[in-house]
Amino acid sequence: MIQLKNVYKKYREAYALKNINLDIMSSEFVFLTGSSGAGKSTLMKLLYREEIPTSGTVMIGNINIAKLPNDRVPNIRRCMGIVFQDYKLLPNISVYDNISLVIRTLGMRNQEIQERVKGALNVVGLLNKMNAKPSELSGGEQQRVSIARAIVNGPPLLIADEPTGNLDPKTSMEIMQILEQINEKGITVIVSTHNKEIVDKFKKRVIRMHEGQIVWDVREGTYEQ
């Protein structure tokens, strides 16, 4: 599903990524780990085309998104859900509207939009918060909303960049359990994190980065391999 081949990313005189070669299959759950500055976020940004590599190929399916024209980027992003550390919810509209905005441009009928939004909120356990504003929710609830927004279109790929970075340990585990349940439905899930407790508990594939390079790649790994 995803293949990075001979990928380098350079900012000014420094390389953020160096010779990245990586294959991720459909329906996998992958932790991308490493300390701050290791290159995790840069690699994630390549996957959703926020950045393009200095050299190399980034394949999603059969498309080299590194060479994708800018006007086609929105189409590829509709095939993935993205979850950020800081939620990125619009504060002045309801939970329902935050989620429905993702699919309103797709020409769906209002009834189908409503069914999809309610279905996504049900997955994250927040159906009763549909009419609330983000400011009325806890940080964990806001992250659940952002996950619902990411899956409302039924994407085959979910990318989560430090999704528990602002959350306490209990809430972090709850968020990870939701992501695991989403993965069990056949969605590929990639999570970047430096949270050792989470990685050690869930025993998924672990890709460790250091100074812009992949230093190990372990099936059912832990944070320290």
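Helices (H or I, at least four residues) and strands (E, at least two) are DSSP runs, numbered from the N terminus. The views below show a predicted model, in which local features need pLDDT of at least 70, side-chain atom pairs count only at pLDDT 80 or more, and totals for chains, interfaces and linings use all residues. Residues are numbered from 1 along each chain as its sequence is written, and side-chain values use heavy atoms, with hydrogens and water left out.

**View 1. Tyr87 sits in the loop between E6 and helix H3 (95-104).** Its backbone is worth a look: phi of Tyr87 is near 70°, a positive value in a residue other than glycine. With a relative accessibility of 11%, Tyr87 counts as buried (buried means under 20% relative accessible area, exposed over 50%, partly exposed in between, with a 1.4 Å probe and protein chains only). Tyr87 is also touched by Ser146, which contacts Val83 and Leu89 as well, not counting residues up to four places away in sequence (contact means heavy atoms within 4.5 Å). Ser146 belongs to helix H5 (residues 139-151) and is buried, at a relative accessible area of 0%.

**View 2. Six strands form an open sheet with mixed pairing.** Reading across, the order is E6-E7-E8-E3-E9-E10 (two strands pair if DSSP finds at least two bridges between them). Strand E6 (80-84) and strand E10 (213-218) are the edges, each pairing on one side only. From one strand to the next, the twist averages 15° (axes are lines fitted to C-alpha atoms, for helices over the stretch in contact, and angles run from 0 to 180 degrees between N-to-C directions). At the E6 edge, 5 bridges link E6 in parallel to strand E7 (residues 157-161). Here Val83 stands opposite Ala160 of E7.

**View 3. Strand E8 (residues 188-192) is largely enclosed by the rest of the structure, because 5 of its 5 residues are buried.** Both of its faces are covered: Thr188, Ile190 and Ser192 are buried on one side, Val189 and Val191 on the other. E7 and E8 pair in the parallel sense over 5 bridges, and Leu157 has Thr188 as its bridge partner in E8. E3 and E8 also run parallel, joined by 4 bridges. In that pairing, Leu32 is partnered by Ser192 of E8.

**View 4. The largest nonpolar core brings together 43 residues.** A nonpolar core is a set of buried Ala, Val, Leu, Ile, Met, Phe, Trp, Tyr and Cys residues joined through side-chain atoms within 4.5 Å. Phe31, Leu121, Leu158 and Leu179 have the most contacts inside the largest one. Zoom in on Leu179, and you will find that it touches Phe29, Ile147, Leu158, Ala160, Pro163, Val189 and Val191, not counting residues up to four places away in sequence. A second, separate core has 29 residues, including Ala38, Leu46, Ile76 and Leu157.

**View 5. Helix H1 (40-47) borders the largest cavity together with strand E2 (14-24) and strand E3 (29-33), each giving two or more residues to the lining.** Rolling a probe the size of a water molecule over the atoms shows where empty space is left. On a 1 Å grid over the protein atoms alone, a cavity is a set of points where a 1.4 Å probe fits but cannot get out, and a pocket is an open set with protein on both sides within 12 Å along at least five of seven lines; lining residues have an atom within 4 Å of a point. The structure holds 1 cavity of 30 Å³ or more, and the largest has a volume of about 40 Å³ (grid points are joined across faces, edges and corners, and a volume is the space filled by probe spheres set on the points). Its lining consists of Leu22, Ile24, Val30, Leu32, Leu43, Met44, Leu47, Ile190 and Ile207. H1 gives the most, with 3 residues. Of the 8 residues in H1, 6 are buried: Lys40, Thr42, Leu43, Met44, Leu46 and Leu47. Arg49, which follows H1, has a positive phi near 60°.

**View 6. The largest pocket contains about 420 Å³ of space.** Its lining has 13 residues, and those nearest its centre are Arg77, Arg78, Met80, Ile82 and Val102. Helix H2 (73-77), E6 and H5 each supply at least two lining residues. E6 gives the most to this lining, with 4 residues.
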